[in-house]
Every structure is written in structure tokens, then in C-alpha cells.
Amino acid sequence: MKRTTISLIAVATALAAVTGFASLTGPDGGEPVAGEAPARLPVERSSLLCPAPSSSDLAETQYTSFTPAAKPGAQPGAKDGAKEGAEADSAELKPSSATLADPDAAKDDKGKDKNKADEEKDEAKESASDKPLLALKEPGKPVSAEESGGQAPALVGTATGRLAPGWTAQQTTTVAAGGGRGLLGVSCTAPDTDFWFPAASLDDKRQDYVHLTNPDEAAAVVDIELFGKDGALKSDLTEGITVPGGSSVPVLLSTLTSDPAEDVTVHVTTRTGRTGAVVRSADEDSGSDWLSASADPSGTAVLPGVPADATSVQLVAFAPGDDDAELKLQLAGATGTITPAGHETLHVKSGMTASVDLENITRGEAGSLILSPAESGRATPVVAALRVVRGKGDKKEIAFIPATAPVGERASVADNRAKGALLSLTAPDKAAEVKVTASAGTEGGSPTTKTYKVKAGTTLAITAPVPAGLKGSYALTVETVAGGPVHASRSLEIAEDGIPMFTVQTMPDDRGTVAVPEAEQDLSVLDD
């Protein structure tokens, strides 16, 4: 018999290159088998998916792509000749094969196929999808592109080599008037198989679409579950939704059930393949924005970046497990943590959506909402999100803040402007120190770095630093230096005709590195 020795570090690194996630543990799920604290190496491949921006002819969309510069001493990419076989540096976002067009437009009123002219348009569109809309050239310097109108496509993309670790893309759309009016911002998502969206709605005044984007060649099959205040909503249309390869499919939630539930939790799972998922919400009275997925179910949750001038804040939570959750509500402000009077706790029944109107909870001081078990030792996993409104009367604007994971080692958000970008940093448990870097601009400027200290139980709300000599837009990168954990979000405001249009993006760890063992292990297989 022959013995073939396989390096465990090689196996882990290969897994990281393909998935961006790998961690080596012992057979019992305990400490790494190497017996040493695992080293962290940059991932070699990342994927991102951006939904189709808007169906409005008035829509103006800016896409921005960015990868933070590597730390000194980090493993270089193929361009620097780090290792044989390393992937070349590339980060491209290309149009998917479908736009946010009316799904019924594929047939005429008699149910016939598209005419020849439409087919020719499809062929031209397919050819255009081979060309990148956005191609990043180097770490540390963002690039941007613009699209106008309601036919801007969803984007799919992959980054490799030095451009993969921490790659992020932002999609920002301004719609000045009409039913979809608002500033709609979303950080493009990585493909996955499980998403939770509290704070969606089936109300008559809301039009909420879940956008499903498939990055792969093979079709994906998706299931959508809807949960209201009394539990699961009945529907025969939520299972086995097919998303063709390389395409994006918007699904209007109100077509999935006849129940006009005001507050709904949406659960998206893929039974075949993988997708990106995000909810686009349009409110008849308060504008529109994107609702990104909540952090994974957890016994505690942090929702950072509630504006100081919020006129309405609604919390929506859901307990996906078998147990009810009794949550303690706290607001972390500039000087400490308070419990909002009259809203000390929230009871969330298992499998049911619970909501509470916190009104103008911030009262002129920006803050972050912290959810934790009301009773020590009884942590029940929940998902949560905030629906936030600024302005009054016909000058109102809506945004959403989902629960988010900590910044961890590093997190970035792209498309910040010279004015209107606000950074919220929350340390719910322990004091922390963070480093914030404003990158070079898309059209010019020099990076700027500042360090901030965040006291325990507080939220530090700061005007985002701006690179010197900025031209264009830029990216912000937050790194945890000491203490923590720290949860962060970026708010971007672009006022339009007296309406305080704004959007909030949370900043979870970018997962730009993967754990691998310090030393090689001998995994031997026997060959006949």
C-alpha cells in the first residue's frame, strides 16, 4: 500500500479560497487540532450580489466597489508573486441576465411569447451582461459607476487575489418623486442559503419585494416563509420558487398570501443552490429603502445608528425557535445606557412576529438599541430590525436598521460623500478603541486615518472623516484596535426638496481572513 500525505493547512487554505470561510477544529468541535491558536490568512475569492435598483424612470443609481488596503505583513496576492498558483487580482460586477421589469411583460395579452424585437433586445442584453459595469483595479481606492432609469440591472460579481479580502460594494439610488421616492441604499450581499427579514409588511400602503439573485449557472430553488403576529401566514405560493442561473427575481410579498399583516417576518431559504436576498420596501406615506437581512438569531442583538431626529422608531422582532423570548430594551446614547420608559421589555412568542412603537425614543441624541434577555440565564435567539422615520407630514422618509454582528477585525462601507455621512459606533459591553480610515476618493484625494475611543454602554456618533482633497466618493473602514466588541453603522443623508432622505447600512465583520493552523498536520489516506 502507498501512503499519500495531505497537508491540513493546504486543505484549509483551498477551502478558504473557494468559500471565503474555513476553520479547523478538533473532532469534538473544540480547539484547533494543531494545538496552537490558528493563524489568519486572507481569503482568495469573494462573491457579491446587488439587487436591481428601482423600476422608476426617475431613478439615479451609483454603484461603488472597494477593497481595503492590506495590513503591513499580510500575505500578498498573485500580483506580488506571493505563491505559485495564486489567483490573479480581479473584482468585477457584471449585469445579471434580468432587470426589474414587469414579469408579465414577457408575454402579450394573449399569452404569446415576446415578439422578434423583444428577443433581439434580450440578445443584446445578454451580450452586455458579459461586460463588467464596475471593475476594481487596486486595494484602497474605490471605483464607481452610474446608471439611470428603471431598467438598471441586478449585478453579480467575484473578486480574487488581493482584491478578495474585505471586498464590498454599495448601491445607492435616488428617486426624487413618485411611489418609490427616497434614498435607497444597500451593501451588496454575499450569496447564502438562509436569510431573516423582520420589519417587512403586507399593509395596503406598503409594497415590499424580496429580491432573489442567483450568482451561479444552475437554477436555484427558494422557499419563502411569512410570519405575522399570530404565526405563519398561509400560502400555496411560497415554496419552490425558481431563480434561473445568473438572474434576479423580484417577488412581491403581498402576492404570496391574502393576509394583509402589518408587521411581517420573512424567512428565505434555498433548497437548491444559493442566492443573495434583500427586501425593497416602498411606503405610500414615508418613501422607500432597502431592508437587509438581520444578523443570525441570537440571545442578544444590537441595532446601531438610530438618528437623533427620528420622529418614529418601530422595533420588530421574531423568535424562530421553540421558546418564547422576554427581551430587555435599552438605548445606548452618548453618555450611557437608558431603559425607555414604558418600553422596558418586549415579549416575543415563539414563531410569531412582535412589534413595539418606540416613537421618538432618541429625543435629540443619536443612539443604538440593545436587546438582551430580561432574565439572566434565559437567552432565547431572536432576529430583529428597526423601521425608522425622519421628518413629518409629507416630508417623511423611511430607513431600516437590522440587528448586526460586531465589526470584529474590520468592516467597510463604500459610497460616502463629502457631506452627509454619519458613523455610529456602539460598545454594548466593554470599552473599545477603533481605527477609522477614510480611503482615497474615486476621482482623487488622500486617505485619512483617525482613532476613536468608545466608552462601555455608549454610542459614539461622529461625522465621518473625509479624505484630504476628496474628489468623488470614498469608503470608510473601521478596525477594532482594543476592547469591544463594537457594532457600527453608516448613515448617509441627501436632502431633496426639504425631505431628509437618508439610508443606513450596518457594518459587520468583512470576513476577509480565514483561520488556518500554524503548523501542518499529517492527514494520511491509504491507496491500494
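Asp324 touches His347, Val348, Lys349, Ser350 and Thr380, leaving aside residues up to four places away in sequence. That's a good spot to start looking around this structure, which is a predicted model. Across the protein chain the mean pLDDT is 86, and 82% of the residues reach 70 or more. Below you'll find Asp324, a disulfide, a serine, two sheets and a couple of low-confidence stretches.

**Asp324 and its surroundings**

- You'll find Asp324 in the loop between strand E21 (310-318) and strand E22 (325-332).
- Is Asp324 buried, exposed or partly exposed? Its relative accessible area is 37%, so Asp324 falls in the partly exposed group.
- The side chain of Asp324 has a polar contact with the side chain of His347, at 3.4 Å.
- That same Asp324 side chain also reaches the backbone nitrogen of Ser350, this time at 2.8 Å.
- Pro381 sits 57 residues away from Asp324 along the chain, yet the C-alpha atoms of the two are separated by 9.2 Å.

**The disulfide**

- Searching the whole structure turns up 1 disulfide.
- Which cysteines does the disulfide join? They're Cys50 and Cys188, with an S to S distance of 2.0 Å.
- This pair ties together distant parts of the chain, 138 residues apart: Cys50 belongs to strand E3 (residues 45-50), while Cys188 is in the loop between strand E10 (182-187) and strand E11 (194-200).
- The link of Cys50 and Cys188 is right-handed, with 105 degrees about the S-S bond.
- Both ends are tucked away: Cys50 is buried at a relative accessible area of 1%, and Cys188 is buried at 8%. Buried here means under 20%, so Cys188 makes the cut with its 8%.

**A buried serine in a loop**

- Ser54 is in the loop between E3 and strand E4 (60-66).
- Its relative accessibility is 1%, so Ser54 counts as buried.
- A polar atom of the Ser54 side chain lies 3.0 Å from the backbone nitrogen of Ser56.

**Two open sheets**

- Quick background: strands of a sheet pair through backbone hydrogen bonds, and the pairing can be parallel or antiparallel.
- One open sheet has 4 strands in the order E16-E12-E18-E19, paired antiparallel.
- Why is one side of E16 and of E19 left without a neighbour in the sheet? Strand E16 (248-252) and strand E19 (287-291) stand at the edges and each has a single partner strand, so one side of each has no neighbour there.
- In this sheet, the twist from one strand to the next averages 20 degrees.
- Strands E12 (residues 206-213) and E18 (residues 276-283) run antiparallel and are joined by 8 bridges. Arg206, for one, has Asp283 in E18 as its bridge partner.
- Another open sheet of 4 strands goes E34-E30-E37-E38, with antiparallel pairing.
- Its edges are strand E34 (458-463) and strand E38 (502-506); each has a single partner strand, so one side of each lacks a neighbour in the sheet.
- Neighbouring strands here are turned by 20 degrees against each other on average, direction ignored.
- Strand E37 (residues 487-493) pairs with E38 in the antiparallel sense over 5 bridges. Arg490 has Gln505 in E38 as its bridge partner.

**Where to be careful**

- Over residues 99-117, pLDDT stays under 50, and the model has 19 contacts beyond four places in sequence for this stretch.
- Residues 520-528 also stay under 50 in pLDDT, and for them the model has 25 contacts beyond four places in sequence.

How values were computed: Residues numbered from 1 in each chain as written. Predicted model: local features only at pLDDT ≥ 70, side-chain atom pairs only at ≥ 80, totals over all residues. Heavy atoms only, no water. Disulfide = S-S within 2.5 Å. Helix = DSSP H or I, 4+ residues; strand = E, 2+ residues; numbered from the N terminus. Buried < 20%, exposed > 50% of the residue type's maximum accessible area, 1.4 Å probe, protein only. Polar contact = N/O pair within 3.5 Å; in protein donor to acceptor, adjacent residues only side chain to side chain. pLDDT = per-residue confidence, 0-100. Contact = heavy atoms within 4.5 Å. Pairing = 2+ DSSP bridges. Axes fitted to C-alpha atoms, helices over the stretch in contact; angles between N-to-C directions.
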